[in-house]
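Student: I'd like to go through this structure and ask why things are called what they're called. Can we do that?

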Amino acid sequence: MSLFRDDGIVLRTQKLGEADRIITLLTRRSGRVRAVARGVRRTKSKFGARLEPFSHVDVQFFARGGDLIGRGLPLCTQSETIAPYGSEIVTDYERYTAGTAMLETAERFTDHEGEPAVQQYLLLVGALRTLAGGEHEPRLVLDAFLLRSLAVNGYAPSFDDCAKCGMAGPNRFFSVGAGGVVCGDCRVPGSVVPSRESLQLLGALLGGDWETADACEPRHCREGSGLVAAYLQWHLERGLRSLRFVDK
């Protein structure tokens, strides 16, 4: 029997029995972890209120053996709130749908339990903090998070130089399969020709240039979001369920 302590973001919850839940978290040191939280569905449970999606928590786990991830699910025996991001996110539809897509993305990019994913964890914490703070449009925060998640997982798109031959940009054709923009010589079937402003926006979101991103026109934001969604779906090999509700 061993005790483990970590901090993490609650990604989702599932009912278990009459009063328990399975809590899925993205933790700082152990990556994605699923744990059983007993009694949290009782109406008077303060413990359960801390373990809701979007919550940033300090958690104690109780596991059999010497490893957190073993033959059975560990128990979540204690939690303390670090930041209740959900209190600001769930009251606004645009923030909520964007935040839900972030949680699903983080879970999809951490499909092996117990494998550390520090960069993905830090990205998620920063994105939820920004989303809850209302500093930028929710869809822009989501697209920035999606692009950076792709980058830290080895799928960084190019929005300037040719993704195939490296020809200096700006290049006008965009191909999800080729890895971003491509030149005329490297153009492949199915390439699209987005506006230069949309590509500049995506480059700004990937690089953290919020001054440029915030000044972008709505039509270019919509076009850029479509490119991000298509690129993400290509690399995840299927779309995000939650993404369909964003901007509806």
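Tutor: Sure, and keep in mind that this is a predicted model. Let's begin with the cysteines: the structure holds zero disulfides.

Student: What makes Cys162 a cysteine in no disulfide?

Tutor: Check the nearest cysteine sulfur, which belongs to Cys165 and sits 3.6 Å away. A disulfide needs two sulfur atoms within 2.5 Å, so Cys162 doesn't make the cut.

Student: And why is the sulfur of Cys221 not bonded to the one in Cys216?

Tutor: That's the closest cysteine sulfur to Cys221, but the gap is 4.2 Å. The cut-off is 2.5 Å, so the two are too far apart for a bond.

Student: Are Cys162 and Cys221 buried or exposed?

Tutor: Buried means under 20% relative accessible area. Cys162 has 5%, so Cys162 is buried. Cys221 has 17%, which is still under the limit, so Cys221 is buried too.

Student: On to rings. How many aromatic pairs are there?

Tutor: A search of the whole structure turns up three.

Student: Why is the pair of Phe54 and Tyr96 called edge-to-face?

Tutor: First, the ring centres are 6.0 Å apart, and rings pair if their centres lie within 6.5 Å. Then look at the planes: they're at 70 degrees, and over 60 counts as edge-to-face, so that's the name this pair gets.

Student: What parts of the chain does that pair link?

Tutor: Distant ones: Phe54 is in the loop between helix H1 and strand E4, while Tyr96 is in helix H3, 42 residues apart.

Student: How do you know whether Phe54 and Tyr96 are buried or exposed?

Tutor: Phe54 has 2% relative accessibility, so with a limit of 20% Phe54 counts as buried. Tyr96 has 38%, which falls between 20% and 50%, so Tyr96 counts as partly exposed.

Student: What makes the pair of Phe159 and Phe174 stacked?

Tutor: Their planes are 5 degrees apart, and under 30 degrees counts as stacked, so the word fits. The centres are 6.3 Å apart, and the pairing limit is 6.5 Å. This pair also links distant parts of the chain: Phe159 lies in the loop between helix H5 and strand E6, Phe174 in strand E6 itself, 15 residues apart. Both Phe159 and Phe174 are buried.

Student: Which residues do ring pairs link into a cluster?

Tutor: Phe159, Phe174 and Tyr231.

Student: Now charges. Why do Asp58 and Arg5 count as a salt bridge?

Tutor: Their side chains meet at 2.8 Å, N to O. The limit is 4 Å, so the pair qualifies. Asp58 is in strand E4 and Arg5 in strand E1, with their positions 53 residues apart along the chain. In all, the structure holds ten salt bridges.

Student: What makes Asp58 and Arg5 partly exposed?

Tutor: Partly exposed runs from 20% to 50%. Asp58 is at 24% and Arg5 at 37%, so both land in that range.

Student: How do you know that Glu113 forms a salt bridge with Arg32?

Tutor: The closest N and O atoms are 3.8 Å apart, and anything within 4 Å counts, so this one is in. Glu113 is in the loop between H3 and helix H4, and Arg32 is in strand E3, 81 residues apart. Glu113 has 26% relative accessible area, so Glu113 is partly exposed. Arg32 has 9%, so Arg32 counts as buried. Arg32, Arg34 and Glu113 are linked in a network of salt bridges.

Student: What about the largest pocket: which element gives the largest share of its lining?

Tutor: H3, with seven residues. The pocket has a volume of about 450 Å³. Of the 18 lining residues, the closest to its centre are Arg12, Thr100, Glu104, Glu107 and Arg241.

Student: How many residues of each class are in that lining?

Tutor: Seven are nonpolar, four polar and seven charged. Arginine and glutamate both count as charged, so Arg12, Glu104, Glu107 and Arg241 go in the charged class.

Terms used
Residues numbered from 1 in each chain as written. Predicted model: local features only at pLDDT ≥ 70, side-chain atom pairs only at ≥ 80, totals over all residues. Heavy atoms only, no water. Helix = DSSP H or I, 4+ residues; strand = E, 2+ residues; numbered from the N terminus. Buried < 20%, exposed > 50% of the residue type's maximum accessible area, 1.4 Å probe, protein only. 1 Å grid on protein atoms, 1.4 Å probe; cavity = no way out; pocket = protein on both sides within 12 Å on 5 of 7 lines; lining within 4 Å. Points joined across faces, edges and corners; volume = space filled by probe spheres on them.
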